[in-house]
Amino acid sequence: MLIKLNPSNLSSRHDPEKIHTQKLERKYLFTHLGGNDYSLNIDWSTLESFLSCDRASEWKLVYGRTSKSRSALTYGAAIHAGLEVAARLVGKESSEQVIRQAIAATEIPFSESTPEIGEWRNFQSAAETVEAYIKHYSGEHMTVLSHEENPLIEVGFKLPLGELEIDSTIQYPENLIVQSAQSPEHFYIGKLTVNWTGIIDKVVSIHDKIWVLDHKTTSMFGSDYFDDFELSTQPIGYQWAMERILQKPVDGYIIDCLVTRKKTKTGTEREFHRHFYPREQWKLDEWPKNTIELVSDFVHNLVRGYFPQKTTHCRGKYGKCQYFDTCNFKPSQRLLYLNSDAYQPFTWSPI
């Protein structure tokens with residue numbers, strides 16, 4: 001089921017007339033379908049949590065808390081906003097108008113989250129990156145596809161992935177993890193319906209081949225950067241979804257990388273790279289089963305009432321885990337800190 005194909009030149013997520021009136025609510029894990037049946041909508045953010053530390057996924061998805069430090073996320077969202085508007089306007093407006101409106105859209109995410117003093121990932125850097133990207137790829141032989149008369153840009157979707165027979169009691173309060181639930185008691189789940197959701201940046205045609213394109217922003221780029229996406233759950237899952245939306249095979253996916261770094265006297269501040277991953281049927285066949293099993297493992301933790309800590313994820317190439325300080329408290333103090341002003345409600349949902 002396709003739930004959003006926005007045909008407007010400026011999507012509501014980046015519309016300055018609407019963004020300040022949108023009420024962001026904490027994301028809950030489950031929705032009650034009636035009786036003992038529930039549903040779970042998963043997206044890449046959810047799956048990414050499943051793939052890392054179980055304890056971190058508990059803090060984020062069960063208790064619905066996330067870090068207040070969001071400079072990298074705001075910066076990425078700003079660049080995505082600018083690229084979306086540019087994609088909708090290329091060929092319809094002059095290059096100057098495309099750049100002007102793309103930069104205006106880039107500013108919107110920063111109006112909701114002001115960067116810290118001294119933070120290089122700010123509006124000026126994002127705007128310069130968007131402008132440089134548009135100029136770098138001007139005149140390229142790439143066409144945005146349309147479906148049901150709507151351009152396939154920022155394609156929101158919700159598709160059934162599978163069902164799990166849980167037949168167990170969840171060892172957490174129902175009102176903690178079920179949308180609109182009132183009961184503070186543990187609750188029984190019979191069947192869990194799992195839906196795959198997300199927002200695909202763009203679907204394009206190049207020399208009559210169809211590609212799912214996903215923008216990535218990073219400050220860390222090397223010769224092995226694109227290797228991480230060979231088996232990545234997100235782009236393969238997006239390709240799987242788009243084949244069901246279009247009802248025909250997609251030739252592969254593109255990782256469209258925008259490298260931005262803090263300005264230095266000698267370093268390269270911006271680079272743009274793309275890598276093409278041709279369609280491989282076995283990856284598309286394996287992806288749904290693998291994803292459902294990841295969900296099953298997560299639900300197992302809910303049933304036993306315990307999420308183990310994987311300390312290899314406490315620190316990584318991007319620094320320490322956002323929940324490092326929470327886990328560093330004694331068990332009796334962790335929830336007090338998690339629910340303090342150090343964190344904020346986790347609200348992201350593609351639908």
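**Exercise 1.** Into how many nonpolar, polar and charged residues does the lining of the second largest pocket divide?

*Solution.* Keep in mind that we're working with a predicted model here.
- Start with the pocket itself: the second largest one has a volume of about 570 Å³.
- Next, look at who lines it. There are 30 lining residues, and Ala86, Ala87, Val90, Glu140 and Lys202 lie nearest the centre of the pocket.
- Now sort the lining by class: 15 residues are nonpolar, eight are polar and seven are charged.
- Finally, check which elements take part. At least two lining residues come from each of α3 (71–89), α4 (95–112), α5 (123–136) and β8 (187–206). Helix α3 gives the largest share, with four residues.

**Exercise 2.** Find the largest cavity and work out which residues and helices line it.

*Solution.*
- Begin with a general idea: rolling a probe the size of a water molecule over the atoms shows where empty space is left.
- Count the cavities of 30 Å³ or more, and you get four. The largest of the cavities holds about 80 Å³ of space.
- List its lining: Cys53, Arg55, Ala56, Trp59, Gln309, Lys310, His313, Cys314, Cys321, Tyr323, Phe324 and Cys327.
- Match that lining to elements. Both α2 (54–62) and α9 (324–327) supply at least two residues each, and α2 has the largest share with three.
- Sort by class, and the lining of the largest cavity comes out as eight nonpolar, two polar and two charged residues.

**Exercise 3.** Describe how helix α1 packs against helix α8.

*Solution.*
- What do you need? Two packed helices are described by the angle between their axes and the distance between the axes.
- Read off both values: α1 (residues 44–51) and α8 (residues 281–304) pack at about 65 degrees, and their axes are 10 Å apart.
- Add the handedness: the crossing of α1 and α8 is left-handed.
- Pick out the residues that meet. On the α1 side they are Leu47, Phe50 and Leu51, and on the α8 side Thr291, Leu294, Val295 and Phe298. By class, that contact has six nonpolar residues, one polar and no charged ones.

**Exercise 4.** Is Gly305 buried, exposed or partly exposed?

*Solution.*
- Locate it first: Gly305 sits in the loop between α8 and β12 (315–316).
- Take its relative accessibility, which is 29%, so Gly305 counts as partly exposed.
- Look for company. Setting aside neighbours within four places in sequence, Gly305 is in contact with Gln171 and Tyr172.
- For a sense of distance, try Asp214: this residue is 91 residues from Gly305 along the chain, and their C-alpha atoms are separated by 36 Å.

Note on methods
Residues are numbered from 1 along each chain as its sequence is written. This is a predicted model: local features need pLDDT of at least 70, side-chain atom pairs count only at pLDDT 80 or more; totals for chains, interfaces and linings use all residues. Side-chain values use heavy atoms; hydrogens and water are left out. On a 1 Å grid over the protein atoms alone, a cavity is a set of points where a 1.4 Å probe fits but cannot get out, and a pocket is an open set with protein on both sides within 12 Å along at least five of seven lines; lining residues have an atom within 4 Å of a point. Grid points are joined across faces, edges and corners, and a volume is the space filled by probe spheres set on the points. Ala, Val, Leu, Ile, Met, Phe, Trp, Tyr, Cys and Pro count as nonpolar, Asp, Glu, Lys and Arg as charged, and the others, Gly among them, as polar. Axes are lines fitted to C-alpha atoms, for helices over the stretch in contact, and angles run from 0 to 180 degrees between N-to-C directions. A crossing is left-handed if the near helix is turned anticlockwise from the far one by less than a right angle, and right-handed if clockwise. Contact means heavy atoms within 4.5 Å. Buried means under 20% relative accessible area, exposed over 50%, partly exposed in between (1.4 Å probe, protein chains only).
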